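Dear colleague,

I am passing on the structure below, together with notes on what came out of going through it. Please keep the model open beside the text as you read.

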Amino acid sequence: MSDGLVELLCRPVTEAAIGLLGWRLQSGEGSATTEVVLTEVEAYGGASDPASHAYRGKTNRNASMFLEAGALYVYRSCGIHWCANAVVGPVGEGAAVLLRAGKPTKGRTVMESRRGRQDHLADGPGKLCQAMSIDGTHDGTSLVDGPIRLVPPDGRADGFVTASPRIGISRATDRLWRFSLGSTDS
């Protein structure tokens with residue numbers, strides 16, 4: 001199981017991002033296990049990507065982006081919301097995939113309690129982290145065997161992948177590096 005994740009995350013960042021769609025993000029934190037199926041991600045290409053936190057090099061804030069593939073990079077967005085990323089590529093590259101959204105599959109009532117609502121539980125990166133109880137204490141941990149894990153899909157992911165511009169950035173806005181898993185249901 002872990003070999004498949006590491007192998008996937010050693011691919012180029014856009015391939016890894018697309019490959020993560022349909023994977024299950026699990027958290028055993030708090031009172032119960034929670035899980036979502038990843039439905040939306042964004043790729044950030046390190047030093048070659050002006051929109052990446054790693055574009056200008058390694059800092060205290062982004063140091064986890066430069067770890068091995070499969071590390072978790074967690075940061076605060078606008079000082080308010082936690083955002084979680086899977087580190088991709090070789091050590092020192094600084095590439096990562098932002099885990100933008102997921103469909104709850106386990107622990108829905110726990111997620112509802114954490115979010116204080118019954119809808120829109122994990123349809124944005126901050127909402128996803130709140131629902132899954134992911135915060136700065138998880139920065140640098142392993143997505144293979146840490147408290148927050150990526151687990152392969154139960155089967156082949158149903159649906160189709162769409163590519164669109166990334167959200168909330170001001171540089172490299174022309175790159176279609178936001179990937180979503182669309183449904184074939186009408």
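Which are the buried residues of α4? They are P125, G126, L128, C129, A131 and M132, where buried means under 20% relative accessible area, exposed means over 50% and partly exposed lies in between, computed with a 1.4 Å probe on protein chains only.

Before the rest, two notes on the source. This is a predicted model, in which local features need pLDDT of at least 70 and side-chain atom pairs count only at pLDDT 80 or more, while totals for chains, interfaces and linings use all residues. Residues are numbered from 1 along each chain as its sequence is written, and side-chain values use heavy atoms, with hydrogens and water left out.

**Overall fold**

The chain has four helices and eight strands, these being DSSP runs numbered from the N terminus (H or I of at least four residues for helices, E of at least two for strands). Along the sequence they follow the pattern α-α-β-β-β-β-β-α-α-β-β-β. The radius of gyration of the chain is 15 Å, which agrees with the value near 16 Å for a compact globule of 186 residues; the radius is taken over C-alpha atoms, and the globule rule is 2.2 Å times the number of residues to the power 0.38. Taken along the principal axes, the C-alpha atoms fill a box of roughly 40 × 40 × 35 Å. Buried residues make up 45% of the 186 residues. Of the contacts (heavy atoms within 4.5 Å) with a separation of 6 or more, 58% are between residues 24 or more positions apart.

**Helix α4 and the largest pocket**

Helix α4, residues 125-132, is mostly covered, with six of its eight residues buried. The cover over those buried residues includes β1, β2, β4 (81-88), β5, α3 (108-115) and β6. Just after α4, S133 takes a positive phi of about 60°.

The same helix name comes up again at the largest pocket, to whose lining α4 gives the most, with five residues. The elements that each supply at least two lining residues are β2, β3 (72-77), β4, β5 and α4. The largest pocket holds about 790 Å³ of space; here a pocket is an open set of points, on a 1 Å grid over the protein atoms alone, where a 1.4 Å probe fits, with protein on both sides within 12 Å along at least five of seven lines, and lining residues have an atom within 4 Å of a point. Grid points are joined across faces, edges and corners, and the volume is the space filled by probe spheres set on the points. Of the 39 residues that line this pocket, H53, R61, Y75, S77 and C83 are the closest to its centre. The lining divides into 18 nonpolar, 13 polar and eight charged residues, with Ala, Val, Leu, Ile, Met, Phe, Trp, Tyr, Cys and Pro counted as nonpolar, Asp, Glu, Lys and Arg as charged, and the others, Gly among them, as polar.

**Salt bridges**

The structure holds eleven salt bridges, each being a side-chain nitrogen of Lys or Arg within 4 Å of a carboxyl oxygen of Asp or Glu. One of them joins D154 to R24, with the closest N and O atoms 3.3 Å apart. D154 lies in the loop between β6 (148-151) and β7 (160-164) and R24 in strand β1 (residues 24-27), so this pair ties together parts that are 130 residues apart in sequence. D154 counts as exposed, at 70% relative accessibility, whereas R24 is buried, with a relative accessible area of 12%.

R100 takes part in two of the bridges described here, and the first of these pairs it with E40 at 2.8 Å, N to O. E40 in strand β2 (residues 34-44) and R100 in strand β5 (residues 95-106) are 60 residues apart, and the pair links distant parts of the chain. E40 counts as buried at 12% relative accessibility, and R100 counts as buried at 11%. R100 also meets E42 in a salt bridge, at 3.7 Å from N to O. This pair again links β5 with β2, over 58 residues, and both R100 and E42 are buried. Elsewhere, salt bridges that share partners join R24, E35, K106 and D154 into one network.

**A buried loop residue**

L143 is found in the loop between α4 and β6, and is buried, with a relative accessible area of 0%. Leaving out residues up to four places away in sequence, L143 touches L5, L25, G70, A71, L72, A86, I148, R149 and L150. From C-alpha to C-alpha, L143 and P90 are 16 Å apart in space, and they are 53 residues apart in sequence.

With best wishes
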